[in-house]
Amino acid sequence: MKEEFKVYQKVFDNRTIMTLYQLSKKYFRTIGGPVKTGKESDVYLLYTKEGGKIVAKIYKIETSNFRNMWKYIKGDSRIPYIGKEKKKLVYAWTEKEFRNLWTARRMGIPAPEPIAFKNNVLLMEFIGDDSPAPIAKYHPPKDPKRWYRLIMGYIDKMEKEGFVHGDLSEFNILNWNEKPILIDWSQSVFRDHPLFEELLERDRKNMERWFSSLGV
């Protein structure tokens with residue numbers, strides 16, 4: 001395991017390597033390849049000691065969008081004041097997504113099960129079979145009308161509970177055997193957040209735009 005982490009030192013900073021090493025003692029055995037890469041975060045496949053699969057979402061401290069994160073965190077009543085130190089902000093952002101995933105699943109919204117988090121690393125359920133479930137943008141549903149009813153129903157259900165995804169688009173939905181799985185919950189907020197109505201309207205418009213392009 002230590003030799004494996006040495007390889008990843010070329011990808012992650014030392015703090016992230018140490019965080020992964022600490023999490024590996026309980027939750028996983030080896031690190032596989034990347035599932036998804038981006039400017040602010042990467043998702044890596046992990047293999048558990050039992051031979052199963054989970055994933056690690058790793059937020060990049062140096063390249064994360066500080067201003068974008070701050071506007072969602074500063075109005076979140078669940079998060080105490082943390083100042084504007086970038087490292088603390090990214091750590092709070094990671095915890096925020098962990099808690100949002102649990103909230104979504106408690107409401108019956110299809111989302112990956114959160115497993116654990118530490119610093120800038122979030123461990124989650126692997127969505128897929130032999131390979132990761134594809135992003136809906138590149139693998140649209142065979143029955144878009146059914147998906148439209150499902151996803152708009154999820155938005156309505158969350159609104160009734162005073163919760164919103166906040167960044168819903170065809171890029172943040174997985175198509176797992178024709179079942180939509182909503183991902184990327186870090187921007188989700190509750191009704192008491194000043195951006196709640198704006199995010200709710202944006203989610204609705206994004207879905208209406210996408211499904212209209214699919215012929216709904």
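**Close-up views of a predicted model**

**View 1. Tyr138, an exposed residue of an aromatic pair.** In this predicted model, Tyr138 counts as exposed because its relative accessible area is 61%, whereas its partner Phe171, with a relative accessible area of 38%, is partly exposed. Tyr138 and Phe171 belong to a set of 8 aromatic pairs. The ring centres of Tyr138 and Phe171 are 6.0 Å apart and the ring planes lie at 75 degrees, so the pair is classed as edge-to-face. Tyr138 sits in the loop between strand S5 (121-125) and helix H5 (144-160), and Phe171 in the loop between strand S6 (163-164) and strand S7 (173-176), so that the contact ties together parts 33 residues apart in sequence.

**View 2. The aromatic pair of Trp147 and Trp210.** The rings of Trp147 and Trp210 also meet edge-to-face, with 6.4 Å from centre to centre and 65 degrees between the planes. Trp147 belongs to helix H5 and Trp210 to helix H6 (residues 196-213), and the pair thereby links distant parts of the chain, 63 residues apart. Both Trp147 and Trp210 are buried, while Tyr138 in the preceding view is exposed. Ring pairs join Trp147 and Trp210 with Tyr148 and Phe211 into a cluster.

**View 3. Helix H4 and the residue Gly108.** Helix H4 comprises 21 residues (86-106), for which a rise of 1.5 Å a residue gives an expected span of 30 Å, and the C-alpha atoms at its ends are 30 Å apart, so the expected and the computed spans agree. Just after H4, Gly108 adopts a positive phi of about 85 degrees.

**View 4. Two asparagines with positive phi.** Most residues other than glycine have a negative phi. Asn119, a residue other than glycine, nevertheless has a positive phi, near 55 degrees, and it lies in the loop between strand S4 (114-118) and S5. With a relative accessibility of 27%, Asn119 counts as partly exposed. Asn177, likewise a residue other than glycine, has a positive phi near 50 degrees and is found in the loop between S7 and strand S8 (179-182). The relative accessible area of Asn177 is 56%, and this residue is therefore classed as exposed.

Notes:
Residues are numbered from 1 along each chain as its sequence is written. This is a predicted model: local features need pLDDT of at least 70, side-chain atom pairs count only at pLDDT 80 or more; totals for chains, interfaces and linings use all residues. Side-chain values use heavy atoms; hydrogens and water are left out. Helices (H or I, at least four residues) and strands (E, at least two) are DSSP runs, numbered from the N terminus. The expected span of a helix is 1.5 Å times one less than its number of residues. Rings of Phe, Tyr and Trp (its six-membered ring) pair if their centres lie within 6.5 Å; planes under 30 degrees apart count as stacked, over 60 as edge-to-face and the rest as tilted. Buried means under 20% relative accessible area, exposed over 50%, partly exposed in between (1.4 Å probe, protein chains only).
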